[in-house]
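Please describe the architecture of the structure shown here, covering how its helices pack, how its sheet is ordered, which backbone features stand out and what surrounds the ligand.

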Amino acid sequence: MANIGYIQVVRHCNHLCGFCSNPTSPYTHDFDSMKVLVDDFVERDYFGIILTGGEPTLHPELPKITRYARDCGLHVRMITNGHNLGNEGFAQEMADAGLQLAHVSVYSIRPDVEERLRGMKDTLGRAMSGIEAAHNAGIDININCVINAFNADHLHENIEYWLEHHPYIRHFVWNNLDPSMGRAEVNQDQYTPRLADFEHSLRRALTLLNDSGRTFRVEKVPLCYMADFAWASTETRKIVKLEERIVHFLDDKQTVRQTDWDHLYADVCAACSVREICGGLFNRGDGYDPAELYPLFMPLEPIVETILNDPGDPTTQFKNVTEWRAAFDAHNARRAADPDSVPEQGDALPGVGQVTDQGLRLYHSKRKSEGRRAEKRGVSMERPAVNED
Ligand code: SF4
């Protein structure tokens, strides 16, 4: 199966997004502690890894761990704000180390909105330079976008821009804001959109992408808000393909192995024809309103068929809907019989990073400087990860 694992290589960042769900923590990684995690993914026969953060390009050994993972046969990607990719030679160094794909996060192609969301000036210009440099170095580019209250009305405008100015970008990823962690949790009122706020613009954006032959995924959006493109839902694809995801968080959560993809459902979901393959409402932070959900009355099989037959995703283990249905029902029966059961994890999971005196000093000084910047920008700081005395 084509599982992809995540390693947070750092947790500090050069930007200060008011909805960051993984802000600064006192944990740090060195090459050896990251290598253990890469080896574990290889052992589990994972297809690839995504290096993320914080801002992963701030880790001095990023090229080294990239090269190591690539030499182990993993497909290597990273999620970045693009800021440092524009530094002379860095994109080429990462390409030479084996980085194959950079997911560059850009929330809005309106400079003032991007600056407001990023908490610092000229972030859009820097990201554009980074995208060009990485593309010229031979790294594939995807665009990641967190849907939030400030960009909800112009998601399609962003796509019009990318299609016209960066036609080589072929894949786009949307994440609806996660209001349950970090700064997103304490700034929910400011940044969390209503589902209805982005419904129209998201549909226009996905239609534009689909019509232009681009591919895309949408995470944390219930299917009733993306019914025409239900096959592109990350949760739905994982539910259908019975996939798992391991994230090595560089904080007290450590390793999270996710095998269930359903979140919260409303009473109306019971009448919905796609309930079995819908992730529902991502509401861990109570940021969204279940009253916004409405049932769909459309056949489920064509959605499953599209996922199983996706030529760009040759990873499914099922040949057709009949075979899938048998495996899916058996899987659900096992879960119903023992709701607390977690599939075998194999060997004990390795520890993630370490808290050193130096890491703690860095954490405290980062918290102070970020607190000053946050105050100026009108956002609240996340709850401290350790005692700040
Ligand atoms: S009504 Fe519920 S089950 Fe149906 S698409 Fe919406 S969230 Fe999913």
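## Helix H6 against helix H9

In this predicted model, helix H6, which spans residues 155-165, and helix H9, residues 195-211, have axes that come within 7 Å of each other and cross at roughly 20°. Because angles under 35 degrees count as roughly parallel, H6 is described as roughly parallel to H9.

On the H6 side, the contact is made by Leu155, His156, Ile159, Glu160 and Leu163, while H9 contributes Phe198, Ser201, Leu202, Arg204, Ala205, Leu208 and Leu209. Sorted by class, this contact between H6 and H9 holds 8 nonpolar, 2 polar and 2 charged residues.

## Helix H2 against helix H3

A second helix pair is formed by H2 (residues 62-71) and H3 (residues 90-97), whose axes come within 8 Å and cross at roughly 25°. With that angle, H2 is again placed as roughly parallel to its partner H3.

Pro63, Thr66 and Arg67 of H2 meet Glu93, Met94 and Ala97 of H3 in this contact. The class count for the contact of H2 with H3 is 3 nonpolar, 1 polar and 2 charged residues.

## The nine-stranded sheet

The strands assemble into an open sheet of 9 strands with mixed pairing, and their order across the sheet is E7-E6-E5-E4-E3-E2-E1-E8-E9. Strand E7 (215-219) and strand E9 (255-258) stand at the edges, where each has a single partner strand, so one side of each is left without a neighbour in the sheet. On average, and with direction ignored, neighbouring strands of this sheet are turned by 20° against each other.

Helix H5 (residues 123-136) packs on the sheet, where it touches strand E4 (101-105) and strand E5 (140-147), and the direction of H5 makes about 170° with that of E4.

## Strands E1, E2 and E3 and their crossovers

Strand E1 (residues 4-8) pairs with strand E2 (residues 48-52) in the parallel sense over 5 bridges, and within this pairing Gln8 stands opposite Thr52 in E2. Between these two strands the chain passes through helix H1 (residues 31-43), and this β-α-β crossover from E1 to E2 is right-handed.

E2 is in turn joined by 4 bridges to strand E3 (residues 75-80), and these two strands run parallel. Gly48 stands opposite His75 in E3, and the bridge partner of Leu51 in E3 is Met78. The chain crosses from E2 to E3 through H2, in a β-α-β crossover that is right-handed.

## Backbone features beside E2

Two loops that adjoin E2 carry notable backbone values. Asp45, found in the loop between H1 and E2, has a positive phi of about 65° although it is not a glycine.

Gly54 has its place in the loop between E2 and H2, and a cis peptide bond joins Gly53 and Gly54, with omega at about 20°.

## Surroundings of the ligand

Which residues come nearest to the ligand? Of the 16 residues around the ligand, those that come nearest are Pro222, Cys224, Cys269, Cys272 and Cys278. By class, the residues of the shell around the ligand divide into 14 nonpolar, 1 polar and 1 charged, where the nonpolar class is one that includes Cys and Pro.

Technical notes. Residues numbered from 1 in each chain as written. Predicted model: local features only at pLDDT ≥ 70, side-chain atom pairs only at ≥ 80, totals over all residues. Near = placed C-beta within 6 Å. Axes fitted to C-alpha atoms, helices over the stretch in contact; angles between N-to-C directions. Parallel < 35°, antiparallel > 145°, perpendicular 65-115°, else oblique. Contact = placed C-beta atoms within 7 Å. Pairing = 2+ DSSP bridges. Right-handed = clockwise from strand over helix to strand, strands pointing away.
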